[in-house]
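Hi,

Here is the structure I said I'd pass on. Have a look at it first, and my notes on what turned up follow underneath.

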Amino acid sequence: MSLAVARKPLRADAARNVDKIITAARQCFREFGPEVPLQTIATTAGVGPATLFRNFADKEELVLAALNRQLRLTVDPVMDGALADIDAAAGLLRVLEALMGAASDDANLLCAVAGRRELLTGITGSLMESMSILLARGQGQGSLRTDISMTDMFRLLAMLIGVVDTMEPGSDAWRRPLALVEDAIRTVRPSRPLPVFVPVPPAPGITTVPGQAGPLPE
């Protein structure tokens, strides 16, 4: 289990310091990117480096703690509502939407642990278990394809999270690929237009041509 999850109860003052550090970490990662120094985070939190390292052994552990908190605050309540909803497919899509919103909000935190699937498993395991319940229910209700497995769902979610790397900060461009995933997993394709198309932002030295879906080299 991730150290970000298996944390012992803290004294009130220590808990306040942890809260300040995690809040500062999210702010600093958003402002300065995934390479922000821990010293900057400590300064922003108003604590000394010793206090930061007493609670988090390294940047990786701090990142996981920050991601874990956001999932618990923003996604867990949505999951609770989805599990209580009669329509399992609709609930599952709301959970995916909440996960994508969290990934978009904290894109730089995700970037800091990119490619470390085993680290993220510790904070997403319970969500995956609940998603498997929704998938099975939806399949039983006839609203979700019966040939889809949780391995498929895990990979689809990983693909969706990868979309965040192709967006401007704060963009909701992920809504269109999420709609395409919904089209793919439902037994009946929803009769609604896709969300608005958002171009991939050009990289340095790249220009776009009006009417083109992607960037072209200069």
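C28 counts as buried because its relative accessibility is 1%, and the cut-off for buried is under 20%. C111 comes out as partly exposed, since its relative accessibility is 39% and that class sits between 20% and 50%. In case you were wondering about crosslinks, a disulfide is a covalent bond between the sulfur atoms of two cysteines. The structure here has zero disulfides. Do keep in mind that this is a predicted model, so please read everything below as computed from that prediction.

Now for the overall layout. The chain has 218 residues, and 39% of them count as buried. You'll find nine helices and two strands, and along the sequence they run α-α-α-α-α-α-α-α-α-β-β. If you take the contacts between residues at least 6 apart in sequence, 64% of them join residues at least 24 apart.

The part I spent time on is a helix pair. Two packed helices are described by the angle between their axes and the distance between the axes. For helix α1 (residues 12–32) and helix α2 (residues 38–45), the angle is about 125° and the axes are 8 Å apart. That angle falls outside the ranges for roughly parallel, roughly antiparallel and roughly perpendicular, so α1 and α2 are oblique to each other. Their crossing is right-handed.

Which residues in α1 and α2 meet? On the α1 side they are K20, I21, A24, A25, Q27, C28, F29 and F32, and on the α2 side T40, I41, T44 and A45. Sorted by class, that contact has eight nonpolar, three polar and one charged residues. The buried cysteine from the top of this email, C28, is one of the α1 residues in the contact.

Then there's L52, which is found in helix α3 (residues 49–55). Is L52 buried or exposed? Buried, because its relative accessible area is 1%, with the cut-off at under 20%. Leaving out residues up to four places away in sequence, L52 touches I21, L38, I41 and A42. Two of those names should look familiar: I21 and I41 are also in the contact of α1 with α2. L52 and I21 are 31 residues apart along the chain, and their C-alpha atoms are separated by 7.0 Å.

If you open the model, try showing L52 together with I21 and I41, since L52 touches them both.

Cheers

Key:
Residues numbered from 1 in each chain as written. Predicted model: local features only at pLDDT ≥ 70, side-chain atom pairs only at ≥ 80, totals over all residues. Heavy atoms only, no water. Disulfide = S-S within 2.5 Å. Buried < 20%, exposed > 50% of the residue type's maximum accessible area, 1.4 Å probe, protein only. Axes fitted to C-alpha atoms, helices over the stretch in contact; angles between N-to-C directions. Helix = DSSP H or I, 4+ residues; strand = E, 2+ residues; numbered from the N terminus. Parallel < 35°, antiparallel > 145°, perpendicular 65-115°, else oblique. Left-handed = near helix turned anticlockwise from the far one by under 90°. Contact = heavy atoms within 4.5 Å. Nonpolar A, V, L, I, M, F, W, Y, C, P; charged D, E, K, R; others polar.
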